[in-house]
Amino acid sequence: MAEVYLGQKIYAIVKEKIITTMNEQFFFPGITLLITHYNRSSSLERLLASFEKLGCRFEDIVVSDDGSKPEHLEKIRTLHAVYSFRLITTPKNSGLGNNINKGQDAVKTPYTLYIQEDFVPFDIYPSKLQEALLLMNERNDVDMVRFYAYFKYPYLAPLSNGFSEMRFKIWYPGYKKFYMYSDHPHLRRSNFLEKFGRYPEGVNVEVSEYGMMMSFLKKKGRALYYDDYKGLLDQVNSSTEPSTFKRNFRRESNNIFIAAARHLYRHLRFNYNYFKG
């Protein structure tokens, strides 16, 4: 693993709060933007440019690369002329679990904003990130705030400004209650790995995410959730840089028999793994 410092780090003296300047520039002291990347340098550039356009400044930015091809690494290194970030590399592709682990290891601030390179924030996002950080500062028991999902979490207790607290009880109906944790964009405390363990490595993306999901539940993690779960960011996979992850057809099929079998399997498997030691 190698660490490369790109650009000049910007320091500011603040009183542990978010600063919004008169020209709508947002500075987030105490937050590191952690971006995981693999072979989609144009998507990475688009994400960095989007935050720049929105006036978002973070105490630090870490780009954790999972052994991308040389042409993508070369492009990333040229971005330092415009953006300030640290690049964490690895000699070979080792999977998303390893990529998040080594990226999180490099974070030095109390909070981490985790996001994959194929997301784009909407104009409203900086103000909602402000509110999320304020909620976490007020609630020491909250481990993360989620900003995106594929479906609405079924058990939510409204808080304020469009945020709710996610609720999990093993006796709640259905299996979707288990999806409290997700690899989708979220703000979390940087001691996350210390509290919930490291992401499983040497396995595919879904297995790694599932392992962290179960660990989060078993260790009584607490999370907040933005109700308009597709209203803050967009996931953009272009034809030139498509998603590098392909889901199993049987996991996504809408065939009535496959869907019924899938739901029953997940219900049994999730409950079994939750109670397993």
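This is a short dialogue about a predicted protein model and the terms used to describe it.

Trainee: What kind of model is this, and how are residues numbered?
Mentor: The model is predicted: local features need pLDDT of at least 70, side-chain atom pairs count only at pLDDT 80 or more, and totals for chains, interfaces and linings use all residues. Residues are numbered from 1 along each chain as its sequence is written, and side-chain values use heavy atoms, with hydrogens and water left out.

Trainee: What is the average pLDDT of the protein?
Mentor: pLDDT is the predictor's confidence in each residue, from 0 to 100. The average here is 87. A score of at least 70 is reached by 84% of the residues.

Trainee: Where does pLDDT stay under 50?
Mentor: Over residues 4-23. The model has 35 contacts beyond four places in sequence for that stretch. Contact means heavy atoms within 4.5 Å.

Trainee: How many helices and strands are there?
Mentor: Eight helices and 13 strands. Both are DSSP runs, numbered from the N terminus: helices are H or I with at least four residues, strands are E with at least two.

Trainee: What makes strand E3 largely enclosed?
Mentor: Buried means under 20% relative accessible area, exposed over 50%, and partly exposed in between (1.4 Å probe, protein chains only). In E3, residues 26-37, 12 of the 12 residues are buried, so the rest of the structure largely encloses the strand. For the protein, 51% of the 277 residues count as buried.

Trainee: How do you know that E3 pairs with E4?
Mentor: Two strands pair if DSSP finds at least two bridges between them. E3 and E4 (residues 56-65) have nine, in the parallel sense. Thr-36 stands opposite Ser-64 in E4.

Trainee: Which sense does the pairing of E3 with E6 have, parallel or antiparallel?
Mentor: Parallel, over six bridges to E6 (residues 111-116). Ile-35 has Ile-115 as its bridge partner in E6.

Trainee: Why is the unit of E3, H1 and E4 called right-handed?
Mentor: Point the strands away from you. A crossover is right-handed if the path from the first strand over the helix to the second then runs clockwise. E3, helix H1 (residues 41-53) and E4 make a right-handed β-α-β unit.

Trainee: What do E9 and E10 form?
Mentor: A hairpin, with two residues between the strands. Four bridges join E9 (residues 156-160) to E10 (residues 163-166), and the strands run antiparallel. Ser-160 stands opposite Phe-163 in E10. In the turn, Asn-161 has a positive phi of about 55°.

Trainee: Why does Leu-159 count as partly exposed?
Mentor: Its relative accessibility is 37%, so Leu-159 counts as partly exposed. Leu-159 is found in strand E9. Leaving aside neighbours within four places in sequence, Leu-159 contacts Arg-139, Ser-164, Glu-165 and Leu-224.

Trainee: And why is Pro-200 partly exposed?
Mentor: Its relative accessible area is 29%, so the term partly exposed applies to Pro-200. Pro-200 is found in the loop between helix H5 (192-196) and helix H6 (205-218).

Trainee: Which residues of helix H2 are buried?
Mentor: In H2 (residues 70-78), His-72, Leu-73 and Ile-76 are buried. Seen down the axis of H2, the buried residues fall within an arc of 100°, so they line one face of the helix. The arc is that of the directions from the helix axis to the C-beta atoms. The face turned away from the buried side of H2 carries the exposed residues Pro-70 and Glu-71.
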